[in-house]
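Q: I should like to learn how to read a protein model together with its ligand. Where should one begin?

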Amino acid sequence: MPSKSYQWEAGAILGDHSKKKHQILREYLSEYLRIRCSVPQQSRFRLAVVDAFCGGGVYAGGEVGSPIIFLDTFCNVSEEINLQRAIDGMAQITFECFCIFNDEDAAAIAALRNNLAPHIARCQDSEHVRLQVHFMNSEFEDAYPIIKARLAGERVTRNVFFNLDQCGSKHVKRETIVDILRSYQSAEILLTFAIRAMMSRLPLRRAPARDTILRSHGVSLSDVDDLDNLGRKPEWRAAIEQLIFDSYRNCAPYVSPFAINNPDGWLYWLLHFANEHKARQVYNDLLHENSGVQGHMGRAGLNMLTYDPSNEGIEYLFQDDDRQRARDQLMDDIPKAISEFGDAVLLDEFLRSVANETPAHSMDINQAMIDNPDIKVETVNGGERRSASGIRRTDSLIMKPQRSLFFMPPLKGKREDT
Ligand SMILES: C[S@@+](CC[C@H](N)C(=O)[O-])C[C@H]1O[C@@H](n2cnc3c(N)ncnc32)[C@H](O)[C@@H]1O
């Protein structure tokens, strides 16, 4: 029997953390569409959206939920993109959107059919959007094989966006996240995770690892019962971020493990999973443009969760002063990371290797490469790149032979012969 935490018939209440989630969803989807539709010759873009915990679409007070955000963003962004393409003399582009809206609560789906109707009509009237909508009324894990079969029937193999806005933390299996990312070439997932249930849910065999992480951050196991107060403590936020990252980092090549920043405590996490490092970086950049909405506890540069909690690592809210700290750390971190490859590396390969472990803005990473006295950014033609905005993925990063005092390579112990 479904546990009804949302009364869609009577008017469900939209929590503060959900407003922030909606802001990120709307902004990220808009940016995603702009980036994916930037090829001048492109005339069609196909995307499947699975809103697997979709709710009824409208909250008490009239605020809209994720299904309406999806459809309105398709219409608004397709108009914006096509206007710009007309100005630039480029071909017009049509969005082909295949949407599945699922909720285990029949009342949610009944309300949604009603609430979504005018928004579906608006998309159908748009000359730039071709929309297909399917409603499903099942528990997500039961629905998933049917969703996959529907996507296969539509020959969807590539661009798929899953919004897994679960209530709590236990309605989406880890294996399902892995399966989504393996099944579709450029799958992306937004997963909501409420941490209240997390402590008891982690598999028992992981308990010692969990306890070690908690203790290393100064959280005592007896504190864990007092979640409301714990969510306000920095050491707790750091420990949870580490636990969540450790739990999910093997599900996808790129995982963004940041919390929703709530003055009442960090009790909800909004995780972003992607197959491409560019998507992870776009997500970071977007958090800076919406600063204060999500938060990270740890380092600001590379290796964001590898630090000594007793003397390093503070709150990073993607704001201007956080960016300054990131720039300072990146000046030191980037040459160290390049030296792990040897003395040169292709920029694209470098970014692939570091993107998962930094909250930094892409422009701050680029600027630190240009400003660093120990690094030369070299173009494919062998010239030196001089501006951060000009950096291309085909460039190379080369350690200069004369190092400044700034960069002291880590001392390595002498290798013992065996
Ligand atoms: C947080 S609300 C959804 C909000 C919606 N995504 C939005 O942003 O407006 C979560 C929804 O998930 C539904 N739900 C809870 N457990 C579920 C499950 N196992 N499978 C599918 N839906 C579920 C609930 O009925 C509820 O409507």
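A: The overall protein is treated before the ligand. This is a predicted model, in which local features need pLDDT of at least 70 and side-chain atom pairs count only at pLDDT 80 or more, while totals for chains, interfaces and linings use all residues. Residues are numbered from 1 along each chain as its sequence is written, and side-chain values use heavy atoms, with hydrogens and water left out.

Q: How many helices and strands does the protein have?

A: Helices (H or I, at least four residues) and strands (E, at least two) are DSSP runs, numbered from the N terminus. Here the protein has 13 helices and 13 strands.

Q: What percentage of the residues count as buried?

A: Buried means under 20% relative accessible area (1.4 Å probe, protein chains only). By this rule, 54% of the 418 residues are buried.

Q: Which residues come nearest to the ligand?

A: A residue is near a molecule if one of its heavy atoms lies within 4 Å of it. There are 20 residues around the ligand, and W8, H22, Y59, D103 and D165 come nearest.

Q: Which polar side-chain atoms lie beside ligand atoms?

A: A polar contact is a pair of N or O atoms within 3.5 Å. In D103, a polar side-chain atom is 2.6 Å from a ligand oxygen atom. For S66, a side-chain N or O atom lies 2.9 Å from a nitrogen atom of the ligand. With H171, the distance from a side-chain N or O atom to a ligand nitrogen is 3.4 Å. Of the 600 Å² of accessible area that the ligand has on its own, the protein covers 97%, areas being computed by the Shrake-Rupley method with a 1.4 Å probe.

Note on methods
Polar contact = N/O pair within 3.5 Å; in protein donor to acceptor, adjacent residues only side chain to side chain. Buried < 20%, exposed > 50% of the residue type's maximum accessible area, 1.4 Å probe, protein only.
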